[in-house]
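Hi everyone, thanks for making room for me today. I'd like to walk you through a structure I've been looking at, so please have it open in front of you.

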Amino acid sequence: MDVGSGFIGDEQVPGDIIVSVRSESHSFDASRINMSHVINSFNFGKKVTPRVISDLKRLRPYIESHDKLASKAYITLEDRVNVTIEHYLQVVKTEVMSSSYQLIEDYDYTVHSSLVNAVTIPVAKFHFEPSPMQILVTEDPKLFTHFIIKVCALIGGIFTVAGILESLLYNTMRVVKKIELGKDF
C-alpha cells in the first residue's frame with residue numbers, strides 16, 4: 001500500500017500516529033500482515049523551502065540532516081510474523097535569527113526505532129514527544145576591526161613569548177660562560 005502524504009495540526013503535545021489495517025467487513029490474519037515501510041519525509045512545523053534549509057546549514061553547520069527519517073526503509077523479514085515497527089521521536093523547537101533579522105522556525109528531532117512483537121494486529125507507530133526546551137541560534141557578525149584587533153593581539157602574544165624565550169636563552173648562556181671561566185655568580 002502506498003500512502004502519499006499527510007498533515008496533522010497539533011498544539012505541541014505528545015502523541016502517536018498509528019498506521020494500521022482496519023475494516024468493518026474484512027478479517028485479517030495478523031501473521032500475514034507485513035508493516036514494512038519506507039519514509040520519504042517526516043517533518044514537524046511549516047514546510048521549509050530549499051533556500052531556508054541552505055540558510056539553516058550556513059548558520060548551523062553541525063546539522064547532519066534536517067529530516068532524519070528521510071529515505072529510510074524499515075523492512076521486516078518474511079520469517080518474522082506479527083511485527084510492529086515503532087519509532088520514538090523527541091522533537092525540539094529551534095529558532096534561528098539570521099543577521100538580516102529573519103526568524104526561521106524549525107523543528108529538529110532525534111529518532112529511535114525498534115521492532116516488537118504485536119499483541120494483536122501489527123502496526124507502524126510513530127510516538128512523538130515535544131521537548132520543553134527550545135534552541136535559539138543567533139548570527140552575530142563581527143566587524144573587520146574585531147579581526148584586526150585579534151590579529152594584533154596574536155602578534156603581540158607571539159612577540160612577548162619570543163622575548164621571554166630570548167631572555168631565558170641569553171641569561172642561560174651568560175651563566176654557562178661564567179662557569180666556564182670559573183667566575184663566581
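I'll start with the overall layout, then go through the sheet, the salt bridges and the second helix.

One thing to keep in mind from the start: this is a predicted model. The protein chain has two helices and six strands. If you trace it along the sequence, the pattern reads β-β-α-β-β-β-β-α. Of the 185 residues in the chain, 24% are buried.

Let's go to the sheet. Which strands form it, and in what order? Four strands make an open sheet, ordered β1-β6-β4-β5, and the pairing is mixed. At the edges sit β1, residues 15-19, and β5, residues 103-117, each of which pairs on one side only. From one strand to the next, the twist averages 25°.

Now let's cross the sheet pair by pair, beginning at β1. This strand pairs with β6, residues 124-138, in the antiparallel sense, over five bridges. If you want a landmark there, find Gly15: its bridge partner in β6 is Phe128.

Next comes β6 with β4. Here the pairing is parallel, and it runs over 12 bridges. A good place to look is Val91, which stands opposite Pro130 in β6.

Then we reach the other edge. Strand β4, residues 83-97, pairs with β5 in the antiparallel sense, over 15 bridges. In this pair, Tyr88 stands opposite His112 in β5.

While you're in β5, please look at Val111, which belongs to that strand. Is Val111 buried, exposed or something in between? Its relative accessibility is 21%, so Val111 counts as partly exposed; the cut-off for buried is under 20%. Val111 also has a partner that is distant in sequence: Lys68 is 43 residues away along the chain, yet the two C-alpha atoms are 7.5 Å apart in space.

On to charges. How many salt bridges does the model have? The count comes to two.

One joins the side chains of Glu24 and Arg22, with 3.5 Å from N to O. Both ends are out in the open. Glu24 counts as exposed because its relative accessibility is 73%, and Arg22 is exposed too, at 71%.

The other salt bridge links Glu95 with Lys93, where the closest N and O atoms are 3.5 Å apart. What about burial here? Glu95 has a relative accessible area of 15%, so Glu95 is buried. Lys93 is buried as well, with a relative accessible area of 18%. So we have one salt bridge with exposed ends and one with buried ends.

Last stop: helix α2, which covers residues 144-181. Does its length fit its residue count, or not? With 38 residues at 1.5 Å a residue, α2 should span 56 Å, and its end C-alpha atoms are 56 Å apart, so the two agree. After α2 comes Gly182, with a positive phi near 85°.

Finally, here is a surface feature to find on your screens. Phe144, Phe147, Ile148, Val151, Ile155 and Phe159 together make a nonpolar surface patch of about 610 Å². Look at the spacing of those numbers with this in mind: an α-helix has 3.6 residues a turn, so residues three or four places apart point the same way. Take Phe159 as an example from the patch. Phe159 lies in α2, and at 61% relative accessibility Phe159 counts as exposed.

To recap, then: we have an open, mixed sheet of four strands, two salt bridges, and a nonpolar patch that includes Phe159. Thanks for listening, and I'm happy to go back to any of these spots with you.

Technical notes. Residues numbered from 1 in each chain as written. Predicted model: local features only at pLDDT ≥ 70, side-chain atom pairs only at ≥ 80, totals over all residues. Heavy atoms only, no water. Patch = residues over 30% accessible without salt bridge, like charges linked within 9 Å, V, L, I, M, F, W, Y side chains within 5 Å. Areas by Shrake-Rupley, 256 points an atom, 1.4 Å probe, with all protein chains shown as cover. Salt bridge = Lys/Arg side-chain N within 4 Å of Asp/Glu carboxyl O. Buried < 20%, exposed > 50% of the residue type's maximum accessible area, 1.4 Å probe, protein only. Pairing = 2+ DSSP bridges. Axes fitted to C-alpha atoms, helices over the stretch in contact; angles between N-to-C directions. Expected span 1.5 Å × (residues − 1).
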